[in-house]
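Please open the model in your viewer, with the sequence panel beside it, and keep a selection tool at hand. The tour moves from the whole chain to single residues and back to sheets.

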Amino acid sequence: MSDDLVVLVNPNKVYPPIAPYALDVLTTSLEHAGFAVDVVDLTFRRDEWDIALKEYFAEREPLLVGVTVRNTDTVYAYEQRPFVNEHKEIIDAIKQLTEAPIVGGGIGFSTMPFALVDYFGIDFGVKGPGEHTLCELATALRAGRSNEAAAGAVPGILHNKGGGRVVRTLPDHLVLSTDTAPGNAAEDRESGRYESRAWQAETAAAYRRHSEVPDRVDNLAYYRSGGLGSILTKNGCVYRCTHCVEPDAKGTRFARRDVSAVVDEMESLTDQGIHDLHTTDSEFNLAINNSKQVLREIAARKHRDPGSSLHRLRLWVYCQPAPFDAEFAELLAEAGCVGVNVGADHVRADLLHRWKVTDRGGTYYTFADTENLVELCKANGMATMVEALFGMPGETLGTMADCIDRFMALDATVTGFSLGLRLFPYTELGISLAEECDGVRSAPGLQSNNATEPIVLTPLRNCSGPVEYERQFMFDENGDFRLVSYFSPDLPEDPETIGSPSGRWYRSLQFLWDYVPESELYRVMLPTVAGISNHDNNYADNPFLTSLVGLGYTGAFWAHWRERESIMAAAKDVGLLAEAHA
Ligand code: B12
Ligand code: SF4
């Protein structure tokens with residue numbers, strides 16, 4: 001066994017491929033801590049991943065294997081396509097090839113970490129940023145500790161005890177603290193729900209990003225086949241939008257990275273020829289002063305050095321409608337931002353006030369902020385993608401129509417409408433629906449395409465532990481996939497649809513397609529089901545996206561949405577697209 005070798009595996013098979021940024025972050029920390037690291041990236045070998053694993057493990061016997069799980073599923077309520085089954089297959093193969101303990105992590109993983117440690121049958125798991133925890137785990141194992149002893153020595157680690165029991169080692173600073181979910185209930189401490197995970201993140205270092213280096217993430221290869229690079233300026237989110245997994249999975253406080261380290265990393269990527277960078281913060285404009293500092297630093301370096309590769313930077317950012325002021329818009333443009341994707345979600349104050357909320361439950365924007373953002377971006381030459389999410393509690397045909405009308409009146413480059421929500425265990429909506437069911441009844445709006453029985457959720461406090469609680473959002477009692485989703489029961493569906501656990505909210509979807517004027521469809525993204533359209537907004541194996549990257553387009557895919565007909569025709573001409581998709 002190599003007593004200082006940690007292997008990090010990327011099992012993501014989704015195309016177009018997105019670089020596993022997490023593995024660059026973790027590799028940087030492990031190397032700082034004196035470990036040798038190999039990245040085994042299966043994305044580019046997705047059709048022969050088993051051979052890739054055999055080749056690798058034939059020559060190496062590592063101390064520890066880490067597996068990153070970025071996405072549990074597509075999180076599209078109409079699709080409900082899981083990925084964790086593919087990941088399990090890969091993990092099972094790894095177990096056949098090495099004795100080394102396996103630790104799981106990743107943002108998707110962190111949405112249901114106890115259930116996934118159990119489902120994958122792995123030794124350990126980490127919820128949230130893994131930098132420090134992974135180094136401490138590797139250090140404990142290198143010192144010769146057993147898995148049991150290592151788990152006890154590593155704050156925050158999840159340890160598989162077998163027989164469906166997964167326990168977390170309570171971080172020292174939480175032993176006496178109340179830094180958990182409201183009420184600080186025992187089950188919240190056990191599951192680690194809604195904690196600050198800022199202490200878990202590495203904020204001082206520039207993460208090392210490589211291209212064409214063996215056993216490392218090949219960022220340039222990803223850029224060539226996915227069209228986007230990535231950059232993180234801070235971890236976590238302080239807000240509590242009721243549909244969103246991120247405050248829980250990433251942490252409820254910001255871990256702001258050192259500004260110079262962030263811009264060093266961006267420059268290293270642009271030096272490598274990766275010119276389109278997408279922010280990977282939950283929202284770039286929260287902690288806005290820090291974000292302004294990052295933008296000022298980029299602009300300053302561009303001014304100082306006319307030869308800097310940062311002049312070729314095209315930045316794409318995720319934002320909320322507020323805060324977003326004129327200075328921020330100007331700084332964005334000066335730094336090289338070309339596109340702003342805003343999660344405005346809705347226009348109706350009556351819906352937003354109980355949905356898009358701060359940690360104290362207050363609203364933080366109105367539709368006027370979305371209008372302001374679109375105007376400021378336009379004035380500064382930046383494209384905009386404005387996204388709405390339909391189907392949250394209280395949604396009716398009237399509220400949808402109102403939102404479509406007012407979103408279409410915005411002069412946004414593209415407007416995206418989604419319908420229905422994939423529900424996760426620790427979102428406010430997931431928690432409140434479990435309360436409403438209380439383990440004895442179903443709640444209106446709960447749906448899963450595979451459900452054969454009414455969906456009855458049990459609150460965490462009444463479950464045997466977090467494994468059982470989390471599992472019910474992904475699996476039924478027989479262990480079959482049942483990805484739980486939610487659609488407003490106030491939408492005009494037949495009573496049979498609403499009454500059936502597997503009813504499909506097709507009428508509401510058809511309404512969307514009918515209501516958006518045909519003349520506007522060129523700049524609108526709508527959810528699809530088989531038969532409605534080939535033009536959907538799903539990133540997973542989407543023919544439009546694969547055409548884009550095949551033809552050499554780069555940047556956020558929505559920025560090319562208006563030209564999709566001609567792009568797909570061109571892709572067909574050069575043989576990139578099968579007839580069925582043209
Ligand atoms: C930016 C982004 C995108 C961009 C990516 C652009 C780019 N160039 O990277 C685009 C728009 C392309 C995109 C697409 C998709 N995305 Co996206 N995306 C994000 C976002 C905002 C950032 C992801 C990221 O890179 N984070 C930065 C890295 C450094 O953080 P990290 O991955 O969490 O890693 C840390 C920890 O998780 C942990 N960790 C990670 N791995 C491991 C492994 C071990 C062993 C350990 C110990 C720890 C550990 O340590 C890491 C370092 O701190 C996240 C939400 C978020 N705030 O993270 C959603 C998110 C990951 N996306 C999501 C989804 C579903 C998708 C799509 C599947 C959507 C779709 N159907 O089309 C696709 C998948 C694309 C693909 N090929 O995989 C979901 C996943 C939810 C879930 N339950 O699985 C998220 C969480 C959004 C959400 N709120 O629902 N995405
Ligand atoms: S949707 Fe809300 S809770 Fe989620 S990351 Fe954005 S601001 Fe934070």
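The stops below take the chain as a whole, then its domains, a ligand shell, some backbone details and two sheets.

**The whole chain**

Begin with everything shown as a cartoon, and bear in mind throughout that this is a predicted model. The secondary structure of the chain comes to 23 helices and 19 strands. Its radius of gyration is 23 Å, close to the 25 Å that the globule rule gives for 582 residues, so the chain is as compact as a globular protein of that length. If you turn the C-alpha trace along its principal axes, you will find that it spans about 65 × 65 × 50 Å. Of the 582 residues, 50% count as buried, and among contacts between residues at least 6 apart in sequence, 72% join residues at least 24 apart.

**Domains, and where domain 2 meets domain 4**

Next, colour the chain by domain: domain 1 covers 5-167, domain 2 is made of 228-422 together with 507-541, domain 3 covers 428-504, and domain 4 covers 542-582. Keep domain 2 and domain 4 on display, whose C-alpha centres lie 23 Å apart. Between them, 22 residues of domain 2 are in contact with 13 residues of domain 4. Which elements give two or more residues to the side of domain 2 that touches domain 4? Select β11 (276-279), β12 (314-319), β13 (337-345) and β14 (383-390) to see them; β13 gives the most, with three residues. By residue class, this side of domain 2 divides into 10 nonpolar, seven polar and five charged residues.

**The shell around ligand 2**

Now centre the view on ligand 2 and show side chains for the residues around it, which are C237, Y239, R240, C241, C244, E246, P247, S282, E283, Q320 and G343. Coloured by class, the residues of this shell divide into five nonpolar, three polar and three charged.

**Backbone details to inspect**

Four places along the backbone deserve a separate look, and a general point sets the background for them. Most residues other than glycine have a negative phi, and most peptide bonds are trans.

Select first Y15 and P16, where the peptide bond from Y15 to P16 is cis, with omega near 0 degrees; P16 lies in the loop between β1 (5-10) and α1 (21-32). Then go to A322 and P323, which are also joined by a cis peptide bond, with omega about 0 degrees, and where P323 is placed in the loop between β12 and α14 (326-335).

For phi, select V75, which has a positive value of about 55 degrees although it is not a glycine. V75 lies in the loop between β3 (64-68) and α3 (84-97), and it is buried, with 21 other C-beta atoms within 10 Å. Y194 is the next selection, a residue other than glycine with a positive phi near 50 degrees, and its place is the loop between α9 (186-191) and α10 (219-226). Is Y194 buried or partly exposed? With 19 other C-beta atoms within 10 Å, Y194 is partly exposed, because a residue needs 20 or more to be buried.

**A sheet of seven strands**

Return to the cartoon and select β1 to β7, which form an open sheet of seven strands in the order β2-β1-β3-β4-β5-β6-β7, with mixed pairing. The edge strands are β2 (36-41) and β7 (165-168), each of which pairs on one side only. Zooming in on one edge, you will see β6 (158-162) and β7 pair in the antiparallel sense over four bridges, and here L158 has R168 in β7 as its bridge partner.

**A sheet of three strands, and L446**

The last sheet to select is open and has three strands in the order β16-β18-β17, with antiparallel pairing. β16 (421-422) and β17 stand at the edges with a single partner strand each, so one side of each is left without a neighbour in the sheet. β17 and β18 (485-486) pair over two bridges, and the bridge partner of Q447 in β18 is S485.

End on L446, which lies in β17 (446-447) and is buried, with 22 other C-beta atoms within 10 Å. Leaving aside residues up to four places away in sequence, L446 touches L433, I455, V484 and Y486. A final distance to draw is the one from L446 to L423, which are 23 residues apart in sequence and 8.9 Å apart in space, C-alpha to C-alpha.

Conventions:
Residues are numbered from 1 along each chain as its sequence is written. Chains are lettered from A and ligands numbered from 1 in the order in which they are written. This is a predicted model: local features need pLDDT of at least 70, side-chain atom pairs count only at pLDDT 80 or more; totals for chains, interfaces and linings use all residues. Domain bounds come from an automatic or database domain assignment. Two residues are in contact if their C-beta atoms, placed from the backbone, lie within 7 Å. Ala, Val, Leu, Ile, Met, Phe, Trp, Tyr, Cys and Pro count as nonpolar, Asp, Glu, Lys and Arg as charged, and the others, Gly among them, as polar. A residue is near a molecule or strand if its C-beta atom, placed from the backbone, lies within 6 Å of it. A residue is buried if 20 or more other C-beta atoms lie within 10 Å of its own, exposed if 12 or fewer, and partly exposed in between; C-beta atoms are placed from the backbone. The radius of gyration is taken over C-alpha atoms; the globule rule is 2.2 Å times the number of residues to the power 0.38. Two strands pair if DSSP finds at least two bridges between them.
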